[in-house]
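Open your viewer and follow the stops below. Each one says what to select and what is there.

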Amino acid sequence: MTILVADDDPVIRKLFKKRISDEGYEVTVAADGAEAARLLDAIPFDVVITDLVMPGEIGGIELLKIAKEKSADIEVIVITAHSSVDTAVDAMKKGAVDYLEKPVNFDELFLRLEKISEVKALMKNAGDLREAMDVTESSAAQTIQNLEIINSNLLMQLERLEEILSDSHQDEFSRIEQALQFLESR
Amino acid sequence: MLTISSEEIKLITKYIYEISGIYLDESKKYLLETRLNSIAEEQGCLSYLDFLKKAKADATKAIERKIIDAISTNETLFFRDTGPFQLLQHKIFPELIDARASKISSLKTSLKVWSAASSTGQELYSVAIVLQELLGDLSKYTIKLLGTDISDAAIAQASSGKYNKFEIERGLAREKLTRYFTMSGQMWKVNDQIRSMANFRKLNLMLPFTGLGKFDIVLCRNVAIYFTLEDRKKLFNKIADVLEPDGYLIIGSTESLTGICPRFIPKRHLRSIFYQLK
């Protein structure tokens, strides 16, 4: 799983980078929202962890929006000071998967990342199954639809033959002759 | 988890058939257990026999509704199988609009579409989106889109027009998502314009179709597969009764009407099939 961390505090950034990569995830850090947005544009990430309050035009909420517009599959975890939990709840309403309070408890973060990773694996599995089902379904559909048309045409020809052969205005010989002509012409 | 005896399977599948027309054979033990266990436990039942008695005795039919919600398969998605929607967009809607266009320009062209097993609404909203994109200004038309399903829960969700990200992402192109849906919390909500084109209500396809009126298009996809052959025959015969003489029927891409309803003739357009009355 690839993770992008956006935080303007260089010490926190370093800490995130070390702890998350020690845990076995690929991690990239950005010093502010603008840099994170540029990275999001260039590289596909699975998860974005962002501080809600960052200097510049792109704060945590804006970055969340950019990430979600890029792909709804990108999960965003926001980091917030204890005093601004309301903003974090607002971020979740806007599509963040979770929030963590400062100072970040890394065990807690890793649990969330594990959960996200599990869900993503399940989603991929469901996607693969769906793909397999679609292939089976469309190939079955072609076979069934061909048979359906062939069958319907044959039924109509049979009906026509019955009609010709049971036409009491004509003698048997001309009925048979007409039926043969119909069969030859089809 | 409660286990189900073979005697109970017989009784429960019979009961499910009676309330919904869904035919489950005795090999569906696992499906019954996984889908019914939580309702049975919630009702404090110690066995499935006990559960069945309770469901039958419940005059409010609340348990019956829960069983139907649990047992009906709500597998659907936006633009499930692109074939039928291309068929609607490039062939059926243009043909119908030509045929229905009034000679008096002040009269609105009317179109009635029925999604017979609409599940959670994705199919009917997909039809609404196709119509919106094809016709642009809808004020010149009277469009009635009806969605029916046997599950109350499915109808409730269809009416709310709200979908979670898993439901929404499957089948729906990003560009359509942002144009026709608005994010509200963790859910995506279909826009009022599209929402207002569709109506949803509960209907058991086994019962008579009284008061439905006639339709220009009926979509009855991937639902008859849960019915017995006899019930399929009855169903498509009733559909033939509510279809306009030049109307269109679309069934699931792997379904067939061979040996089921001789009143319909299959017709092919590109890679899809639709049916019309003889």
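Domain bounds here come from an automatic or database domain assignment. On that basis, chain A splits into domain 1 (2–104) and domain 2 (143–185). This is a predicted model, in which local features need pLDDT of at least 70 and side-chain atom pairs count only at pLDDT 80 or more, while totals for chains, interfaces and linings use all residues. Residues are numbered from 1 along each chain as its sequence is written, and chains are lettered from A and ligands numbered from 1 in the order in which they are written.

**Stop 1: chain A**

Select chain A and colour the two domains. The centres of domain 1 of chain A and domain 2 of chain A, taken over C-alpha atoms, are 72 Å apart. The C-alpha trace of chain A spans about 105 × 30 × 30 Å along its principal axes.

Now switch to cartoon. Helices (H or I, at least four residues) and strands (E, at least two) are DSSP runs, numbered from the N terminus. Chain A has six helices and five strands. From the N terminus on, their order is β-α-β-α-β-α-β-α-β-α-α. The radius of gyration of chain A is 33 Å, well over the 16 Å that the globule rule gives for 186 residues, so chain A is more spread out than a compact globule. That radius is taken over C-alpha atoms, and the rule is 2.2 Å times the number of residues to the power 0.38.

Next, burial. A residue is buried if 20 or more other C-beta atoms lie within 10 Å of its own, exposed if 12 or fewer, and partly exposed in between, with C-beta atoms placed from the backbone. In chain A, 22% of the 186 residues count as buried.

**Stop 2: A:K124**

Select A:K124, which lies in helix α5 of chain A. Why does A:K124 count as exposed? Because A:K124 has 10 C-beta neighbours inside 10 Å. Add A:A88, 36 residues apart from A:K124 along the chain; 28 Å separate their C-alpha atoms.

**Stop 3: the contact between the chains**

Show both chains. Two residues are in contact if their C-beta atoms, placed from the backbone, lie within 7 Å. Chain A gives 12 residues to the contact and chain B gives 13 residues. On the side of chain A that touches chain B, the largest share, nine residues, comes from helix α5 (residues 106–165) of chain A.

**Stop 4: chain B**

Select chain B. Chain B holds 11 helices and 10 strands. Its C-alpha trace spans about 65 × 50 × 35 Å along the principal axes. A compact globule of 278 residues would have a radius of gyration near 19 Å; chain B has 20 Å, which agrees. Buried residues make up 39% of the 278 residues in chain B.

**Stop 5: strand β5 of chain B**

Zoom to strand β5 (residues 187–190) of chain B and show side chains. In a regular strand the side chains alternate between the two faces of the sheet. Here B:W188 and B:V190 point to one face and are buried, while B:M187 and B:K189 point to the other and are not.

Add the partners; two strands pair if DSSP finds at least two bridges between them. Strand β4 (residues 181–184) of chain B runs antiparallel to β5(B), joined by four bridges. Strand β3 (residues 162–163) of chain B also pairs with β5(B) in the antiparallel sense, over two bridges. Pick B:K189: B:T182 stands opposite B:K189, and so does B:K162.

Finish at the turn. β4(B) and β5(B) form a hairpin with two residues between them, and B:G185 in the turn has a positive phi of about 65°.
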